[in-house]
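Student: I would like to take a close look at a single part of this structure, beginning at one residue and then following what lies around it. Could you describe it slowly and explain each term as it comes up?

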Amino acid sequence: MESFLRAWTGQDPNPDDYKNIEFWSNPERSGWLTKQGDYIKTWRRRWFVLKQGKLLWFKDNHVNRQSIPRGVIPVGNCLTVKGAEDVLNKPFAFELSTNQDTMYFIADSEKEKEEWINSIGRSIVQHSRSVTDSEVVDYDSKR
């Protein structure tokens, strides 16, 4: 939870928040999203990477081994990810919520929004503390 709060307040993430995650290689999902600033409520475009239950963001898309994330959210602590166009009155908006906080994002298209929601939702289920490894179902392998 501390890392979620650190991400929420805009503090640099603790390296322990992304230790042992090769975020520069083969992410589950990556791409541009616009997120609202933490203190100054302007919208900024950031490069997001979803890998191993962490949603990390960077200033640009040139992510390599030396890159330092601007923020990290452990999605296993999140409860919901869903569309938020009605909340923000902006197209392609979605929200990611814990029991305490909500972060808002804007994708570039409806398709991108749905793909991010699906990817994050899958990651929430896989990394949730309430789900044991034996309960996780790999839906992709069931096709």
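Tutor: Asn26 counts as exposed because its relative accessibility is 67%, where exposed means over 50% relative accessible area, buried means under 20% and partly exposed lies in between, with a 1.4 Å probe and protein chains only. Before going on, note that this is a predicted model, in which local features need pLDDT of at least 70 and side-chain atom pairs count only at pLDDT 80 or more, while totals for chains, interfaces and linings use all residues. Residues are numbered from 1 along each chain as its sequence is written, and side-chain values use heavy atoms, with hydrogens and water left out.

Asn26 has a positive phi, near 45°, although it is a residue other than glycine, and its place is in the loop between α1 (2-9) and β1 (29-36). Helices (H or I, at least four residues) and strands (E, at least two) are DSSP runs, numbered from the N terminus. From this loop we can step into β1 and, with it, into the sheet, which is the part I would like us to study.

Seven strands form this open sheet in the order β4-β3-β2-β1-β7-β6-β5, and their pairing is antiparallel; two strands pair if DSSP finds at least two bridges between them. Each of β4 (71-74) and β5 has a single partner strand, so these two stand at the edges, with one side of each left without a neighbour in the sheet. On average, neighbouring strands are turned by 35° against each other, direction ignored, where the axes are lines fitted to C-alpha atoms, for helices over the stretch in contact, and angles run from 0 to 180 degrees between N-to-C directions.

Let us walk through the pairings from β1. On one side, β1 is joined to β2 by eight bridges, and the two run antiparallel; here Ser30 stands opposite Val49 in β2. β1 also pairs with β7 (residues 102-106) in the antiparallel sense over two bridges, and in this pairing Thr34 stands opposite Ile106.

Moving outwards, β2 and β3 share five bridges, again in the antiparallel sense, and Phe48 stands opposite Trp57 in β3. Trp57 also has a bridge partner in β4, namely Gly71, and β3 and β4 run antiparallel, joined by four bridges. In β4, Gly71 and Ile73 point one way, whereas Val72 and Pro74 point the other way, and all of them are buried.

Finally, consider what packs against these strands. Helix α3 (residues 110-127) has 18 residues and reaches 26 Å from its first C-alpha to its last, close to the 26 Å expected at 1.5 Å a residue; the expected span is 1.5 Å times one less than the number of residues. Its buried residues include Trp116, Ile117, Ile120 and Ile124. An α-helix has 3.6 residues a turn, so residues three or four places apart point the same way. The buried residues of α3 pack against β1, β2 (43-51), β3 (54-58), β5 (80-83), α2 and β6, where a contact means heavy atoms within 4.5 Å.

A second loop residue makes a useful comparison with our starting point: Phe92, which is not a glycine, has a positive phi of about 65°, and its place is in the loop between α2 (85-88) and β6 (93-97). Phe92 counts as partly exposed because its relative accessibility is 27%.
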